[in-house]
Amino acid sequence: GCHCRSDRSLHYHGKQFPAPPEVSGIQPYLKNGDIILRSGIGFWSELFRQSNTRDKRFSHVGIVLVDEHGTVSVIHAEGDDLTGQGTVGIVSLEQFVGESVDIGVSRLRDVDQNVFASEAKKYLGRPFDWKFDSESDLEVYCTELVELAMKRRYPERSLTRNSQNIILPESCLDDRYFIEIVLPDKGKG
């Protein structure tokens, strides 16, 4: 194989990662309220990937927002490993995808996704939850945001937790509540 560096490859702490997927290959498949999962490149990403019990592909999730002009962005709860800061915020699709080596998409079953997306927006600005406490919503982490937004309308639905009571990324692929959207080639030529 070619070991040449493409300008799009990611470098993190001296390690090189494959280039992120092309946004143009993903965007046409996204609807408002979809869950977008990414496999990130940082220390915590590896930790979360390995914590998944069944599906180790993804380390982080966000919720897709599509506005009336068709502009796609992602609302997610993210903490910065280095500064210890973090909140629930909205980033461009490019930015969300740009920090990943792989992307997945799932869609809630039997849910009005527009309602789900607007419920998620009610948590904007909420601080990131470094304790990963799933019982309190004063601070929020990525998968907890998905559950909170869902539970506001569907209180009987709970996402699967691990033995430490943390909701892992793979819970957003649980086929009781979600259907995974297959992205044909993720923009890899």
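Which residue in E5 is the bridge partner of Val-64? The partner is Val-74, and this pair belongs to the antiparallel pairing of strand E4 (residues 60–66) with strand E5 (residues 72–79), which extends over four bridges. Strands are DSSP runs of E with at least two residues, helices are DSSP runs of H or I with at least four residues, and both are numbered from the N terminus. Two strands are taken to pair if DSSP finds at least two bridges between them.

The model is predicted, so that local features need pLDDT of at least 70 and side-chain atom pairs count only at pLDDT 80 or more, whereas totals for chains, interfaces and linings use all residues. Residues are numbered from 1 along each chain as its sequence is written, and side-chain values use heavy atoms, with hydrogens and water left out.

The secondary structure of the chain comprises five helices and eight strands. Read from the N terminus, the order of elements is β-β-α-β-α-β-β-β-α-β-α-α-β. Of the 189 residues, 49% count as buried, a class defined by a relative accessible area under 20%, with exposed meaning over 50% and partly exposed lying in between (1.4 Å probe, protein chains only). The accessible surface of the chain amounts to about 9600 Å², and carbon and sulfur atoms contribute 52% of that surface. Accessible areas were obtained by the Shrake-Rupley method with a 1.4 Å probe, and for residues only the protein chains shown count as cover. Among contacts (heavy atoms within 4.5 Å) between residues at least 6 apart in sequence, 63% join residues at least 24 apart.

Six strands form an open sheet with antiparallel pairing, in the order E6-E5-E4-E3-E7-E8. Strand E6 (86–92) and strand E8 (178–181) are the edge strands, each pairing on one side only. From one strand to the next, the twist averages 30°. Helix H4 (residues 113–121) packs on this sheet and touches strand E3 (35–40), E4, E5 and strand E7 (100–108), with a direction at about 115° to that of E4. Helix H5 (residues 142–151) lies across E3, E4, E5, E6, E7 and E8 and runs at about 50° to E4. For these angles, axes are lines fitted to C-alpha atoms, for helices over the stretch in contact, and values run from 0 to 180 degrees between N-to-C directions.

Towards the E6 edge, E5 and E6 are joined in the antiparallel sense by seven bridges. His-76 has Gly-89 in E6 as its bridge partner. The hairpin of E5 and E6 has six residues between the strands, and Gly-84 in this hairpin adopts a positive phi near 75°.

On the other side of the sheet order, E3 and E7 pair in the antiparallel sense over six bridges, and Ile-35 stands opposite Ser-106 in E7. Eight of the nine residues of E7 are buried, so this strand is largely enclosed by the rest of the structure. E7 is also joined to E8 by four bridges, the two strands running antiparallel. Leu-108, located in strand E7, has Phe-178 in E8 as its bridge partner. Leu-108 is buried, with a relative accessible area of 5%. Apart from neighbours within four places in sequence, Leu-108 is in contact with Gln-113, Phe-116, Met-150, Arg-157, Tyr-177 and Phe-178. The C-alpha atoms of Leu-108 and Ile-179 lie 6.5 Å apart in space, although the two residues are 71 apart in sequence.

Two residues in loops were examined for their backbone angles. Most residues other than glycine have a negative phi. Asp-110, in the loop between E7 and H4, has a positive phi of about 55° although it is not a glycine. Phe-132, in the loop between H4 and H5, likewise has a positive phi, near 55°. Asp-110 is exposed at a relative accessible area of 69%, whereas Phe-132 is buried at 12%.

On the surface, Phe-43, Trp-44, Leu-47 and Trp-130 make a nonpolar patch of about 380 Å². Patches consist of residues with over 30% relative accessible area and no salt bridge, like charges being joined within 9 Å and nonpolar side chains (Val, Leu, Ile, Met, Phe, Trp, Tyr) within 5 Å. A salt bridge is a side-chain nitrogen of Lys or Arg within 4 Å of a carboxyl oxygen of Asp or Glu. Phe-43 belongs to helix H2 (residues 43–51) and counts as exposed, with 52% relative accessibility.
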